[in-house]
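Reader: I'd like to practise reading a fold from the coordinates. Can you walk me through this one?

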Amino acid sequence: MEFSSKLLERAVNEMSQLPGIGKRTALRLVLHMLRQPKEQTLALSESLHAMRNDVKFCKSCNNISDVEICEICSSANRNEEIICVVEDIRDVMAIESTSSFKGLYHVLGGKISPMDGIGPHDLTIDSLVEKVKKGVIKELIFALSSTMEGDTTNFYIYKQIQDYNVVTSTIARGISVGDELEYADEITLGRSIVNRIPFESALKL
Ligand SMILES: [Zn+2]
């Protein structure tokens with residue numbers, strides 16, 4: 001691609017670093033920004049700048065938040081005895097939109113995947129186990145996608161906490177094997193939490 005402007009080239013190169021954005025799409029977006037009012041482009045860059053600088057991860061559940069303890073964790077209307085274990089914030093958003101769950105979350109930040117070089121210590125499993133040790137939690141719901149990595153992660157956590165007095169369950173019905181949670185529709189996902197099954201019996205399937 002030949003550019004008549006170094007500034008244009010730089011903007012296109014930066015934009016094309018984003019996933020799913022090739023050089024052509026990047027050029028289209030950048031040219032669009034050049035045509036729109038300057039304030040709009042500045043608002044976009046300012047919002048990205050502020051997000052990158054000021055966003056926090058909840059100290060309790062690792063959800064993305066503007067404050068140290070997120071709204072869900074600090075809410076008086078949530079049941080702190082039930083923790084739903086998820087891979088990332090998109091799963092929290094998906095489950096919240098079902099309004100079927102009134103417990104708290106624990107965001108792992110991914111799943112164990114030796115192929116991608118992600119081990120248990122790259123995730124927030126240790127802080128989850130620490131929470132369980134404190135004895136407040138009565139139930140852990142594993143809501144990871146039913147892929148091999150998801151199953152491995154569930155089992156690893158289960159092994160860490162099985163000696164403590166906590167019930168483990170896993171979301172079940174309606175989520176097909178291999179599906180990523182964030183793509184499940186709200187009703188299916190809501191039902192799969194209500195109809196969760198004990199983790200031990202899921203192991204025997
Ligand atoms: Zn939180």
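Author: Let's go from the overall picture down to a helix pair, a strand pair and a single loop residue. Keep in mind that this is a predicted model.

Reader: Okay, start wide. How many helices and strands does the chain have?

Author: The inventory comes first: nine helices and seven strands. Then take the extent: the C-alpha trace spans about 65 × 35 × 35 Å along its principal axes.

Reader: And how is the chain divided into domains?

Author: Domain 1 covers 6-54 and domain 2 covers 74-203. To place them in space, look at their C-alpha centres, which lie 36 Å apart.

Reader: What share of the residues counts as buried?

Author: Of the 205 residues, 27% do. Pair that with the contact pattern: among contacts with a separation of 6 or more, 56% are between residues 24 or more positions apart.

Reader: Now a helix pair. At what angle do helix 6 and helix 7 pack?

Author: For any such pair, read the angle, the axis distance and the handedness, then turn to the residues. Here helix 6 (residues 125-133) and helix 7 (residues 148-161) pack at about 35°, with axes 10 Å apart. The crossing is right-handed.

Reader: Which residues make the contact?

Author: Helix 6 brings I125, L128, V129 and V132, while helix 7 brings I157, Q160 and I161. Sorted by character, that is six nonpolar, one polar and no charged.

Reader: On to strands. In what sense do strand 3 and strand 4 pair?

Author: With strands, check the direction first and the bridges next. Strand 3 (residues 79-86) runs parallel to strand 4, and the pairing has five bridges. To find your place in the ladder, take V85, whose bridge partner in strand 4 is H106. Then ask about cover: four of the five residues of strand 4 are buried.

Reader: What about the loop just before that strand, where K102 lies?

Author: K102 lies between helix 5 (89-96) and strand 4 (103-107).

Reader: Why does K102 count as exposed?

Author: Count the neighbours. K102 is exposed because 11 other C-beta atoms lie within 10 Å, and the cut-off for exposed is 12 or fewer.

Reader: Beyond its sequence neighbours, which residues does K102 contact?

Author: Setting aside those within four places in sequence, R78 and N79 are in contact with K102. For a sense of distance, try T153: K102 and T153 are 51 residues apart in sequence and 23 Å apart in space, C-alpha to C-alpha.

Methods:
Residues numbered from 1 in each chain as written. Predicted model: local features only at pLDDT ≥ 70, side-chain atom pairs only at ≥ 80, totals over all residues. Helix = DSSP H or I, 4+ residues; strand = E, 2+ residues; numbered from the N terminus. Buried ≥ 20, exposed ≤ 12 C-beta atoms within 10 Å, placed from the backbone. Contact = placed C-beta atoms within 7 Å. Axes fitted to C-alpha atoms, helices over the stretch in contact; angles between N-to-C directions. Left-handed = near helix turned anticlockwise from the far one by under 90°. Nonpolar A, V, L, I, M, F, W, Y, C, P; charged D, E, K, R; others polar. Domains from an automatic or database assignment. Pairing = 2+ DSSP bridges.
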